[in-house]
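Please open the structure in a viewer and keep the selection tool at hand. The tour below proceeds stop by stop, stating what to select and what is found there.

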Amino acid sequence: MRLFPRIAKSQPESQDKAAGAAPTAHLPDKPATAASPEPDKRRGLFAHLVRGLAKTRENFEKHLKQFVGRSHVDEKCFEELEMALLEADAGVTVTEQLLDRLQQQVREKKLGPEQLLPALSAEVLQLLSAAAAPFAYPEKGSLRVYLVTGVNGSGKTTTIGKLAHLYRREGRQVILAACDTFRAAAVDQLATWAERTGAQIISQKAGSDPAAVAFDALQAARARQAEALIIDTAGRLQTKVPLMQELAKINRVVTRELGRSPDEVLLVLDALTGQNALSQARLFKEAVPLTGIVLTKLDSTAKGGIVLAIASELGIPVKLVGVGEKAEDLVEFDAEAFTHALFHYS
Ligand SMILES: Nc1nc2c(ncn2[C@@H]2O[C@H](COP(=O)(O)OP(=O)(O)O)[C@@H](O)[C@H]2O)c(=O)[nH]1
Ligand SMILES: [Mg+2]
């Protein structure tokens, strides 16, 4: 099983030559899996980082205790599972969908109460695996462009800092585009990350046209032969149509200049917003061609079920997960590890 190969602490000494490099995450072409610690340790690390999931799992267990001693699956078992899924933030639609499938399995395979959770876990894994897609990491000698979107406070700028950290550790040339031009403080925050990670930053004065900043940054990325251009954007509240139009414009300008869509158009969602994240995703999806979701703050009290709703209802893969505020607190989403943490880890 491939568990979050990018977890910083799970890696041995980094092989890159970056000055003062501490152990950190690896790109997929490096032997990340082989270098990872024993499965039990990796699971422990995962559960530690994604603490909210451990709570959700405990809640599943609490509901499952109600099955104990039952001779066959009955309505009560499904009620308990339904409550567990809803309390985990999975939402009504995906909960019904999963329980329908379970009911079918119970009928066809004559499942007993103790087989319900393994069967549910398999359904969840299938759901998440169907929506999975690889993240476009930078490659030596070519330019990858990342457009990062999301509402205020979701964790865009922090995620960009983490990505810059990861790419710089791999020795990539990174340029950050400060297209959140609404507030000077937003540019300062990005500049701090640039300084910390050794990335370059392209910015203009507050109030400038964000699409113009993106255009400049793309020119600079080409001229300087950068391998990653990461575009920060303003917290575009989904109800404010002009902001969404501005985002669409940034995407249009970049797509036109690049001759193709950005390699990743990421929507950063705060896992703590629960089902609200779904409506945000729908609106952003209308404005830009989203390629993936970064789900932040899974280290806190987030319940994790929103990942199921996103996979089922939007078909947009969760690609990365934020598990803290530090540069190395970004891990690659792994459907199998996630399902394991939800249902099996203790
Ligand atoms: N605990 C936790 N906090 C996070 C994570 N990602 C971002 N944050 C915090 O969320 C707040 C908003 O982040 P910021 O990147 O400024 O959001 P932006 O408005 O979308 O750019 C900051 O206090 C970050 O430190 C995460 O994965 N875990
Ligand atoms: Mg920001």
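A residue counts as buried if 20 or more other C-beta atoms lie within 10 Å of its own. With that cut-off in mind, select strand 2 (residues 174-179) in this predicted model: six of its six residues are buried, and the strand is mostly covered.

**Strand 2 and its partners**

Show the side chains of strand 2. V174, L176 and A178 point one way, while I175, A177 and C179 point the other way, and all are buried. In a regular strand the side chains alternate between the two faces of the sheet.

Next, add strand 4 (228-233) to the selection. Strand 2 and strand 4 run parallel and are joined by six bridges; A177 stands opposite I231 of strand 4. Then add strand 3 (200-202), which pairs with strand 2 in the parallel sense over three bridges. There, I201 of strand 3 is the bridge partner of L176.

To see how the chain passes between these two strands, select helix 8 (residues 184-197) as well: strand 2, helix 8 and strand 3 make a right-handed β-α-β unit.

**The whole sheet**

Now display every strand together. Which order do the strands take in the sheet? The sheet is open, has eight strands in the order 3-2-4-1-5-6-7-8, and shows mixed pairing. Its edges are strand 3 and strand 8 (330-332), each of which pairs on one side only. From one strand to the next, the twist averages 25°. Strands of a sheet pair through backbone hydrogen bonds, either parallel or antiparallel.

**Strand 5**

Select strand 5 (264-270). Why can strand 5 be called largely enclosed by the rest of the structure? Seven of its seven residues are buried, so the description applies. E264, L266, V268 and D270 point one way from strand 5, and V265, L267 and L269 point the other way.

Strand 5 pairs with strand 1 in the parallel sense over four bridges, and T149 has L267 of strand 5 as its bridge partner. Strand 6 (residues 292-296) also runs parallel to strand 5, the two being joined by five bridges; here V268 stands opposite V294 of strand 6. Adding helix 11 (residues 276-287) to the view completes a right-handed β-α-β unit of strand 5, helix 11 and strand 6.

Continue to strand 7 (residues 318-322), which pairs with strand 6 in the parallel sense over three bridges. The bridge partner of I293 in strand 7 is V318.

**Helix 7 and the ligand**

Select helix 7 (residues 156-169). Helix 7 packs on the sheet and touches strand 1, strand 2, strand 4, strand 5, strand 6, strand 7 and strand 8. The direction of helix 7 makes about 170° with that of strand 4.

With helix 7 still shown, select ligand 1. How many residues surround ligand 1? There are 19, and the closest are G155, K156, T157, T158 and G322. Helix 7 gives the largest share of this shell, three residues. By class, the shell has two nonpolar, 12 polar and five charged residues.

**Two residues with positive phi**

Select D89, in the loop between helix 4 (75-87) and helix 5 (92-109). D89 is not a glycine, yet its phi is positive, at about 80°. Is D89 buried or exposed? D89 counts as buried because 22 C-beta neighbours lie inside 10 Å.

Then move to K297, in the loop between strand 6 and helix 12. K297, also not a glycine, has a positive phi of about 65°. K297 is buried, with 22 other C-beta atoms within 10 Å.

**A311 in helix 12**

Select A311, which belongs to helix 12 (residues 306-313). A311 counts as buried because it has 22 C-beta neighbours inside 10 Å. Leaving aside residues up to four places away in sequence, A311 touches L127, L128 and A131. A130 is 181 residues from A311 along the chain, and the C-alpha atoms of the two are separated by 8.1 Å.

**The chain as a whole**

Finally, display the full chain. The chain has 13 helices and eight strands. Of its 346 residues, 48% are buried. Among contacts with a separation of 6 or more, residues 24 or more positions apart account for 76%.

Note on methods. Residues numbered from 1 in each chain as written. Chains lettered and ligands numbered in written order. Predicted model: local features only at pLDDT ≥ 70, side-chain atom pairs only at ≥ 80, totals over all residues. Near = placed C-beta within 6 Å. Nonpolar A, V, L, I, M, F, W, Y, C, P; charged D, E, K, R; others polar. Pairing = 2+ DSSP bridges. Axes fitted to C-alpha atoms, helices over the stretch in contact; angles between N-to-C directions. Contact = placed C-beta atoms within 7 Å. Buried ≥ 20, exposed ≤ 12 C-beta atoms within 10 Å, placed from the backbone. Right-handed = clockwise from strand over helix to strand, strands pointing away.
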